[in-house]
Amino acid sequence: MQLADRMADFDSSGIRKVFDLASRMANPINLSIGQPDFEVPAGIKRAAIEAIESNKNGYAVSQGMPVLRDKLQARLDAEYGRGERDVVVTCGTSGGLVLAILALVNPGDEVIVFDPCFVIYPSLVKLAGGRCVWVDTYPDFRIDPERVRAAITPRTRLILFNSPANPTGVVAGDDETRALAELAAERDIALVSDEIYREFCYDGPLVSPARVNSQTLVIDGFSKTYGVTGWRLGFAHGPRQVIEAMIKLQQYTFVCAPQPAQWAGAAALEVDMSEQIAAYRGKRDRLLGGLAGAYEVATPGGAFYAFPRAPWGTASEFVAEAIRHELLIIPGNIFSRRDTHFRLSYAASDDTIDRGLAVLRRLAVR
Ligand code: PMP
């Protein structure tokens, strides 16, 4: 079977290697997982079960079931002003990203991505025939608007922004966000803001670039906030023209987000997750406390990741040694053109975090 040429752009070997190793270990210390370890709140589970049992199992309308979409729209109206932003319910945040890129990027267009970034961004850009232009953010993972300005060419179509960020956990400062949003508006470049970790902000609420630049397309979702990564539920909001284009694309690709998940998502919007978020703030502090003095790490203000510098060797070499000590972590070259840092996820029990820290402290000096 001859595969399409574009398949060369999808290389999942690095991350798969870590997960393959994990599956063969009896009791690994797993700090590699990109999903919350808390249970889905009972009311949200019940809403999904009730939806299935009351036969809400058919197709949903492509733009999203009114039960959920109207609620999301009311929230956006309250936050941004009535009718300012349209919304579409998507198949996870990933589904929203796919639709956004396909709706906005022409073959040959350039897309600015920040290094490091979430693994699927470069592949999605290539899927649309676009070209990634990387803007480096090491060592503090802050966005320098002047570097972005220097990366813009007449072919630049879109900037892909993510805060709180995967893999660094860094939350962009209000100044950075404002400068980026203004730059995109000034140069008439689309700005896509992936806000999947928006609720996981520990040192103050997230300021979206959409507050500054109303043309910003925001991609958001339920996966992380409610621990429902397997339900494939997300949403996107932005100017009507792009949301309508995304609905059209969804109709001919994903068709709709799963209907039972949409009913449960509507229930989820009424659930207060502040206790779980506060617990994750505690885990963040626990991890940083344990790394202090031994590792160089940019303060992660959000998400549930930290991205320390490998204390010796390349990140891949260091991670291989960690795995030999039963500690599962992800080398930075999965997310980056550099192989100098590694991702820790603290979406784990305190005991797992402590065991991981013990190994890391032992490995800090070779
Ligand atoms: N964006 C970022 C930055 C992520 O880290 C993830 C999940 N790891 C996603 C999007 C995709 O999430 P979803 O499950 O909603 O597709």
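Strand β6, residues 190-194, is a good place to start: four of its five residues are buried, so the rest of the structure largely encloses this strand. Keep in mind as you look around that this is a predicted model. Next to β6 runs strand β5, residues 156-162; the two are parallel and are joined by five bridges. If you want one pair to find on screen, take Ile159, whose bridge partner in β6 is Leu191.

Now follow the chain out of β6. In the loop between β6 and β7 (217-221) you come to Thr216. Is Thr216 buried or exposed? Its relative accessibility is 0%, and the cut-off for buried is under 20%, so Thr216 counts as buried. Leaving out residues up to four places away in sequence, Thr216 touches Arg85, Leu191, Ser193, Pro209, Ala210, His237, Gly238 and Pro239. Leu191 in that list is the residue we just met as the partner of Ile159. The side chain of Thr216 also has a polar link within its own stretch of chain, reaching the backbone oxygen of Asn213 at 2.7 Å. For a sense of scale, Thr216 and Glu275 are 59 residues apart in sequence, and their C-alpha atoms are 30 Å apart in space.

His237 and Gly238 turn up again when you move to Asp86, which sits in strand β2. Setting aside its neighbours within four places in sequence, Asp86 is in contact with Gln73, Ala236, His237, Gly238, Arg240 and Ile243. With Arg240 there is a polar contact, side chain to side chain, at 2.8 Å. Asp86 has a relative accessibility of 10%, so this charged residue counts as buried.

Strand β2 (86-90) also helps to cover helix α9, and so do α2 (42-53) and α3 (66-80), which are among the elements lying over its buried residues. Helix α9 spans residues 259-268, and eight of its 10 residues are buried. Those buried residues are Gln259, Pro260, Ala261, Gln262, Ala264, Gly265, Ala266 and Ala268.

On to the ligand. Which residues come nearest to it? There are 13 residues around the ligand, and the nearest are Thr93, Ser94, Asp194, Tyr197 and Arg232. Helix α4 (residues 92-104) gives the largest share of this shell, with three residues. By type, the shell is made up of six polar, four nonpolar and three charged residues. Three N or O pairings are worth picking out. From Arg232, a polar side-chain atom lies 2.6 Å from a ligand oxygen. Thr93 instead offers a backbone N or O atom, 2.7 Å from an oxygen atom of the ligand. Lys224 places a polar side-chain atom 2.8 Å from a ligand nitrogen. As for cover, the ligand on its own has 400 Å² of accessible area, and the protein covers 92% of that.

Elsewhere there is an open sheet of three strands, in the order β9-β12-β11, with antiparallel pairing. Its edge strands, each pairing on one side only, are β9 (305-306) and β11 (330-331). Two bridges join β9 to β12, residues 342-345. Here Ala306 stands opposite Leu344.

Finally, a few backbone oddities. Most residues other than glycine have a negative phi, and most peptide bonds are trans, so exceptions are worth a look. The loop between β5 and α7 (174-186) holds Pro164, and the peptide bond that joins Ser163 to Pro164 is cis, with omega about -10°. Pro167 is found in the loop between β5 and α7 too. The bond from Asn166 to Pro167 is also cis, with omega near 15°.

As for phi, Val255 has a positive value near 75°. Val255 belongs to the loop between α8 (240-251) and α9, and at 32% relative accessibility it counts as partly exposed. Ala303, in the loop between α10 (274-291) and β9, has a positive phi as well, near 55°. Is Ala303 buried or exposed? Ala303 is buried, with a relative accessible area of 0%.

Notes
Residues numbered from 1 in each chain as written. Predicted model: local features only at pLDDT ≥ 70, side-chain atom pairs only at ≥ 80, totals over all residues. Heavy atoms only, no water. Near = heavy atom within 4 Å. Polar contact = N/O pair within 3.5 Å; in protein donor to acceptor, adjacent residues only side chain to side chain. Areas by Shrake-Rupley, 256 points an atom, 1.4 Å probe, with all protein chains shown as cover. Buried < 20%, exposed > 50% of the residue type's maximum accessible area, 1.4 Å probe, protein only. Contact = heavy atoms within 4.5 Å. Pairing = 2+ DSSP bridges.
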